[in-house]
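User: I would like to learn how to read a model of this kind, one feature at a time. Please give the general idea first and then the case at hand.

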Amino acid sequence: GKTTQVPVPWAREGSGFTPLMEALIVTLAGAMTVRQVAQLLGVSDGRIWRTLDHYVDTARAQEDFSAVASVGLDETAARRGHHYISLFHDLDAGRLLFACEGRKATVVDEFADDLEAHGGCAENIRNVCIDMSASYRAGIAETLPWADVTFDEFHVIQMVNKAVDEVRRQEGKSTPELKRTRYLWLKDKHAWSERQIVQFADLRQLNLQTHRAFHIKEALREIFRTASSTAAAEPLLDGGYSGARRCRLEPMKQVAKTLKDHWTGILNAFDSKLTNGRVEAINSLIQAAKAKARGYGTVTHLITISYLVAGKLTHLPASPFNLKACATPAA
C-alpha cells in the first residue's frame, strides 16, 4: 500500500520532464516569452520557471570568474516606478556576471561575494566603469577601494545632452522656432540628415542660448574623439569646464560642477579606454525581453532571464535543434 519514488536515468528528480524536453524549454525561453513557451507546450508558467531556475542556477554555479579584471556596473528598470536591478558585466568577455535587486552601495559587496564564490578575487578587479551614481561610487570606495573608477563618454555626453535639452525647453517658451527641434540638438552633428543641417543653419542666425549650450556639448564630445591619453585630455577638459562654468546658462553651469566633482574618473577613461557601451547594449536586450513579456511578476524572474540572454552561460543544456551536440557516440 506504499508508493515509492525511484530515480530514473531519463528524467531529473521532481522535474516531470525528460532532459531533452528541458533542453527544449531552455532553448525556446531564450527566444520567446515564458508565457508563449508554456502555451506552446501546454503546461503552466510555473513549470517553465522552475526548469529555467534550475538550469540557470546550475550553469552559473559552474562559471569561472577567476580572470575578471574590468567590470562595468549599471542599473536597469525592473518595473514601473523606482524599482531597479543592478547589473555587473565583465567588460573583457562582454557577459553578465551578477544581477541583484536595488542600486544601493551594498550591491557592490554582494557582487564581491558572488565573484569569490565563482573562483574570482575582488582584489583582481583593477577597473570599474560606472555612471555617476553616488551610491555606486560609495559602494566601490568601500568594497573595491583599490579599483580605478572610470566615467565613460556615454554617461558624460548623456548628462550634457540633458542639460542642452533643458536649455532648449526653457528658451522654447519664448522662441517658437525651437519647437520640434529636440533631436537636432541631441544628435551628434556628424549624424545629421541634410534636412537637419539646413535647419541648424537657419536657427544659428537667431543667436540662441540653445546654440551656445550645443557648442559646449560638441566641444566636450570632440575631446573624447581626439584626445588619446589623460595628459592630452586634461587641458582640453579644463577648457571645456571653464566654458561651461562661465556661460551664464544654469543647466550648463551644473554640468561644469558635475565635471569637477567627477574629474578623476572622467580623465581615467582616456587611459583605461573603458566604455559601458557594450553594457548598455546588453541592457537593451534585457529590456527588450521584459517588454516582449510585458513585464515579469517578480524581480527573481527578471534576473533569471537576464542571465539566460546575457550571461553567456556555457553549461546550459545543448539545444535539441543542434544535432551534433545532441548526438550520442556510436557503440
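User: In which loop does K312 lie?

Analyst: Bear in mind that this is a predicted model. K312 lies in the loop between α14 (299-310) and α15 (323-326). Its backbone deserves a look: K312 has a positive phi of about 50 degrees although it is not a glycine.

User: Which residue in the loop between α8 and α9 can I read the same way, with a positive phi although it is not a glycine?

Analyst: Take N207, which has a positive phi of about 55 degrees and is not a glycine. N207 sits in the loop between α8 (194-204) and α9.

User: Is N207 buried or exposed?

Analyst: The idea is to compare the relative accessible area with a cut-off: over 50% is exposed, under 20% is buried. N207 has 66% relative accessibility, so N207 counts as exposed.

User: What follows α12, and what is the sign of its phi?

Analyst: K273 follows α12, and the phi of K273 is positive, near 60 degrees.

User: How do I read a helix such as α12, and which of its residues are buried?

Analyst: Start with the periodicity. An α-helix has 3.6 residues a turn, so residues three or four places apart point the same way. Then list the residues that are buried. In α12 (residues 263-272) these are W263, G265, I266, L267, A269 and F270.

User: Which elements do the buried residues of α12 pack against?

Analyst: They pack against the strand β5 (148-150) and the helices α6 (153-172), α9 (209-226), α10 and α11 (250-261).

User: Where does G240 lie, and is it buried or exposed?

Analyst: G240 is in helix α10, which covers residues 230-245. Its relative accessibility is 15%, so G240 counts as buried. For a sense of distance, the C-alpha atoms of G240 and R12 are separated by 62 Å, and the two residues are 228 apart along the chain.

User: What are the overall figures for the protein, starting with how many helices and strands it has?

Analyst: Overall figures give the frame for local ones. The protein has 15 helices and 5 strands. Its C-alpha atoms fill a box of roughly 90 × 45 × 40 Å, taken along the principal axes. Of its 331 residues, 46% count as buried. The accessible surface comes to about 17,800 Å², and carbon and sulfur atoms hold 52% of that. For contacts, consider those with a separation of 6 or more: residues 24 or more positions apart account for 62% of them.

User: How do I read a single strand residue, say T76: where is it, and what does it touch?

Analyst: Go from place to burial to partners. T76 is in strand β1 (residues 70-79). T76 counts as buried because its relative accessible area is 5%, and the cut-off for buried is under 20%. Not counting residues up to four places away in sequence, T76 touches H83, Y84, I85, L87 and Q287. With one of these, Q287, the side chain of T76 makes a polar contact to the side chain at 2.5 Å.

User: How many cavities of 30 Å³ or more does a search of the whole structure find?

Analyst: The search finds 2. For each, read the volume, then the lining, then the classes of the lining residues. The largest cavity holds about 40 Å³ of space. Its lining is V71, L73, F88, V108, F111, V128, I140 and L144. The elements that give two or more residues to this lining are β1 and α4 (106-117). By class, the lining has 8 nonpolar residues, with no polar and no charged ones.

User: What lines the second largest cavity?

Analyst: Its lining consists of R60, E63, F65, R95, L96, L97, Y307, G311 and L313, around a space of about 30 Å³. Strand β3 (residues 95-101) gives the largest share, 3 residues. The classes are 5 nonpolar, 1 polar and 3 charged.

User: And the largest pocket: what is its volume, and which residues line it?

Analyst: About 250 Å³ of space lies in the largest pocket. Q5, V6, P7, V8, W10, A11, R12, E13, G14, S15 and G16 line it. Of these lining residues, 5 are nonpolar, 4 polar and 2 charged.

Key: Residues are numbered from 1 along each chain as its sequence is written. This is a predicted model: local features need pLDDT of at least 70, side-chain atom pairs count only at pLDDT 80 or more; totals for chains, interfaces and linings use all residues. Side-chain values use heavy atoms; hydrogens and water are left out. Helices (H or I, at least four residues) and strands (E, at least two) are DSSP runs, numbered from the N terminus. Buried means under 20% relative accessible area, exposed over 50%, partly exposed in between (1.4 Å probe, protein chains only). A polar contact is a pair of N or O atoms within 3.5 Å; within protein, one must be able to donate a hydrogen and the other to accept it, and residues adjacent in sequence count only if both atoms are side-chain atoms. Contact means heavy atoms within 4.5 Å. On a 1 Å grid over the protein atoms alone, a cavity is a set of points where a 1.4 Å probe fits but cannot get out, and a pocket is an open set with protein on both sides within 12 Å along at least five of seven lines; lining residues have an atom within 4 Å of a point. Grid points are joined across faces, edges and corners, and a volume is the space filled by probe spheres set on the points. Ala, Val, Leu, Ile, Met, Phe, Trp, Tyr, Cys and Pro count as nonpolar, Asp, Glu, Lys and Arg as charged, and the others, Gly among them, as polar. Accessible areas come from the Shrake-Rupley method with a 1.4 Å probe; for residues, only the protein chains shown count as cover.
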